[in-house]
Amino acid sequence: MRISLFAVGRLKTGPEKDLASRYLDRFAKAGPAIGLELAKLVEVQESRASNSDTRKREEADMLEKALPDGAVLVLLDERGKTFDSEGFANLIGRYRDDGKRDLMLAIGGADGLDPDLRSKADVVLNLGAMTWPHQLVRILIAEQLYRAVTILSGHPYHRV
C-alpha cells in the first residue's frame with residue numbers, strides 16, 4: 001500500500017524538517033518489507049483567501065486534486081478519534097490487508113479542515129487534546145508511521 005502525506009504549508013529548512021525527514025526515511029526503508037511504501041509528500045501553499053471558509057475550501061480542493069482515485073483518506077483534526085500507536089498501526093495494517101492501494105494522511109491549514117472534506121474522510125484522527133503547531137504534527141505523524149511499521153513487523157522499537 002502506498003502511503004502519502006499531504007500538508008498545507010511548507011517546512012522550512014531546519015531541525016523540524018530534518019527530524020520529519022529522518023522518520024519518513026526510516027519508514028521508506030522499513031515499510032516495503034511489510035507491504036507499505038512511502039509514495040509522496042505533497043506540500044501546498046496556504047490559501048491567501050480573505051476569509052476562513054474560503055481558505056479551507058481552497059485547501060480542500062488542493063487536497064482532492066492530490067488524492068489518488070480510490071485512496072483511503074485520513075484527516076488529522078482536533079475533532080477526530082484518538083488512537084494509541086498500536087491502534088494506528090492496526091488501522092494501517094487493516095487497510096493494507098483489505099487490498100487498499102493508496103492511503104493519504106492530510107494535515108490541514110491553520111484554519112482547520114473544510115467540513116465537506118471531513119465528511120468524505122475514511123478516518124478523522126486526533127493526535128490528542130492539545131493543540132500542536134503544524135511543524136510538530138508533521139514530525140509526530142512521520143514518527144507514528146515509522147512506529148506503525150515496527151509494530152506490524154514485530155521490531156522492538158515500540159515498547160510498552
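# Exercises on pockets and salt bridges

Asp 77 counts as buried, at 8% relative accessibility. This value, like everything below, comes from a predicted model. Let's start with this residue and work outwards.

## Exercise 1: The partner of Asp 77

Find the residue with which Asp 77 forms a salt bridge, and work out which parts of the chain the pair ties together.

*Solution.* Step one is the partner: Arg 118, with the closest N and O atoms 3.6 Å apart. The cut-off for such a contact is 4 Å, so the pair qualifies. Step two is to place both residues. Asp 77 belongs to strand 3 and Arg 118 to helix 4, so the salt bridge ties together parts that are 41 residues apart in sequence. There is also a network to look at: Arg 57, Asp 61, Glu 64, Asp 114 and Lys 120 are joined into one by salt bridges that share partners.

## Exercise 2: The largest pocket

Describe the largest pocket by its volume, its lining and the elements that contribute to it.

*Solution.* Begin with the volume, which is about 470 Å³. Next, look at the lining: it has 21 residues, and those nearest the centre are Leu 76, Asp 77, Glu 78, Trp 132 and His 134. Two or more lining residues come from each of strand 3 (72–82), strand 5 (123–126) and helix 5 (134–153). Strand 3 gives the most, with four residues. Finally, sort the lining by character: 10 residues are nonpolar, seven are polar and four are charged.

## Exercise 3: The second largest pocket

Now do the same for the second largest pocket: how much space lies in it, and which residues lie nearest its centre?

*Solution.* The space amounts to about 360 Å³. Of the 17 lining residues, Gly 9, Arg 10, Leu 11, Glu 46 and Gln 135 lie nearest the centre. Strand 1 (2–8) and helix 5 are the elements that give two or more residues to this lining. Helix 5 supplies the largest share, three residues. By character, the lining splits into five nonpolar, six polar and six charged residues.

## Exercise 4: Two salt bridges of helix 2

The structure holds 13 salt bridges. Take the one between Asp 53 and Lys 56 and the one between Asp 111 and Arg 55, and say how far apart in the chain the partners of each pair are.

*Solution.* First take Asp 53 and Lys 56, whose closest N and O atoms are 4.0 Å apart. Both sit in helix 2 (residues 52–66), three residues apart, so about one helical turn separates them. Asp 53 is exposed, with a relative accessible area of 54%, whereas Lys 56 is buried at 14%.

Then turn to Asp 111 and Arg 55, which meet at 2.5 Å, N to O. This pair links distant parts of the chain, 56 residues apart: Asp 111 is in the loop between strand 4 (102–107) and helix 4 (115–120), and Arg 55 is in helix 2. Asp 111 is partly exposed at 31% relative accessible area. Arg 55, at 19%, counts as buried, because the cut-off for that class is under 20%.

## Exercise 5: A nonpolar patch

Which residues form a nonpolar patch on the surface, and is Leu 140 buried or partly exposed?

*Solution.* The patch is made of Leu 127, Met 130, Trp 132, Leu 136 and Leu 140, with about 430 Å² of accessible area together. Leu 140 is found in helix 5. Its relative accessible area is 33%, so Leu 140 is partly exposed.

Terms used. Residues numbered from 1 in each chain as written. Predicted model: local features only at pLDDT ≥ 70, side-chain atom pairs only at ≥ 80, totals over all residues. Heavy atoms only, no water. 1 Å grid on protein atoms, 1.4 Å probe; cavity = no way out; pocket = protein on both sides within 12 Å on 5 of 7 lines; lining within 4 Å. Points joined across faces, edges and corners; volume = space filled by probe spheres on them. Nonpolar A, V, L, I, M, F, W, Y, C, P; charged D, E, K, R; others polar. Patch = residues over 30% accessible without salt bridge, like charges linked within 9 Å, V, L, I, M, F, W, Y side chains within 5 Å. Areas by Shrake-Rupley, 256 points an atom, 1.4 Å probe, with all protein chains shown as cover. Salt bridge = Lys/Arg side-chain N within 4 Å of Asp/Glu carboxyl O. Buried < 20%, exposed > 50% of the residue type's maximum accessible area, 1.4 Å probe, protein only.
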